[in-house]
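Grab a pencil and have a look at the model below. Try each exercise before you read its solution.

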Amino acid sequence: MTRESVKPDIYGLTRAELASILEGMGEKPYRAGQILGWVYRRWATSFEEMTDLPKTLREQLSERIKFGSLELLKKQEAFGERAKRYLWGKDGRPLVESVLLKYKYGLTGFLSTQVGCPVGCAFCASGHLGFERGLSKAEIVEEFMGMCADEKARIGHLVFMGTGEPFLNYENVMAAIESLTDPGGYNLSRRRITVSTVGIPDAMRQFARDSRGVRLALSLHATSDDVRSMLIPLNRTYPIASVMEALAYYARYTGQRVTVEYMLISGVNDKKRDARALAALVEGIDCLVNLIPWNPVPGLEWERPGEEAIRAFREILERNRVKVTLRRSLGGSIEAACGQLRRKMTERE
Ligand code: SF4
């Protein structure tokens, strides 16, 4: 093990941990706030940039603390710079991707949580790449801060929707949320963070208790277990009824509206009876259903439903007093690794 690999990572340190390292170096604890200000409010990417710290201290910090571990291997822009995809890696080897979208209301970052994904959704490129490991807290935070540094702007919304199922890396995702919402650090509002899951009931209940304002989105995509198990194999372990029960628990426990993501695929899940079944599934749950018409991708035979089918599906939901939004794709020129992330390259109506 190299000395570099055992160094603590600045993106993984809490304020208290950083203060304790500084104390061990004979420095005053207030320096921790100064350093975190550079990291989280001025998007510094090295100690060198922290020009209000003595030069010797900057050198000592570089010796003792690693300033992140991800390399930006590739950046791709699309839609007149309204979308950016970042490919992060280590030692030149690709690991994960994150995406930045510019909506009218500001910037939203979409983060990956695992290297590869064990869930294997039928519509997702990442699901077939093979699973390696969960990202550390430091790596997740660095994905986010790396996009801020590149954009030289504050990102106001964060969605855990990229490669990986966030609830299969629960501890590190929650630790990254704690870090990014620290008032002395980035101070992101918890209400502007959404965790998107394919549905792991125990973790959803735990999340209800831990979330303290962080929002939950469920990728449902089907109303029968047969179809959903074909799209999302994890449904065989956690069928629709158990997932919806956990979603209702979250909504009740937190008093927060949840989001249900529903991709419309022609002939698979877009029939009128699916719309009626979906309305019945969400009945009594304070939720917003996002309809996302399928965008054809290479290698998958599915088709996007016609406008008439989309309109009819939506009307049935609305007639049943379900709150609905329909997303239009920003286009297809950015190939995000995760099928869901790619679907998210969309714009509200
Ligand atoms: S859609 Fe998400 S959960 Fe499903 S395989 Fe892809 S990355 Fe994993």
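Here are two exercises on packed helices, each with a worked solution.

This is a predicted model, where local features need pLDDT of at least 70, side-chain atom pairs count only at pLDDT 80 or more, and totals for chains, interfaces and linings use all residues. Residues are numbered from 1 along each chain as its sequence is written.

**Exercise 1.** Work out which direction class fits helix α10 and helix α11.

Step 1. Find the helices, which are DSSP runs (H or I, at least four residues) numbered from the N terminus: α10 covers residues 272-282 and α11 covers residues 307-319.

Step 2. Get the geometry: the angle is about 30 degrees and the axes are 9 Å apart. Axes here are lines fitted to C-alpha atoms over the stretch in contact, and angles run from 0 to 180 degrees between N-to-C directions.

Step 3. Pick the class: angles under 35 degrees count as roughly parallel, over 145 as roughly antiparallel, 65 to 115 as roughly perpendicular and the rest as oblique. So α10 is roughly parallel to α11.

**Exercise 2.** Do the same for helix α2 and helix α3, then list the residues that meet.

Step 1. Helix α2 (residues 15-24) packs on helix α3 (residues 30-41) at about 120 degrees, with axes 8 Å apart.

Step 2. That angle makes α2 oblique to α3.

Step 3. For contacts (C-beta atoms, placed from the backbone, within 7 Å), R15, L18, A19 and L22 of α2 meet R31, A32, I35 and L36 of α3.

Key. Helix = DSSP H or I, 4+ residues; strand = E, 2+ residues; numbered from the N terminus. Contact = placed C-beta atoms within 7 Å.
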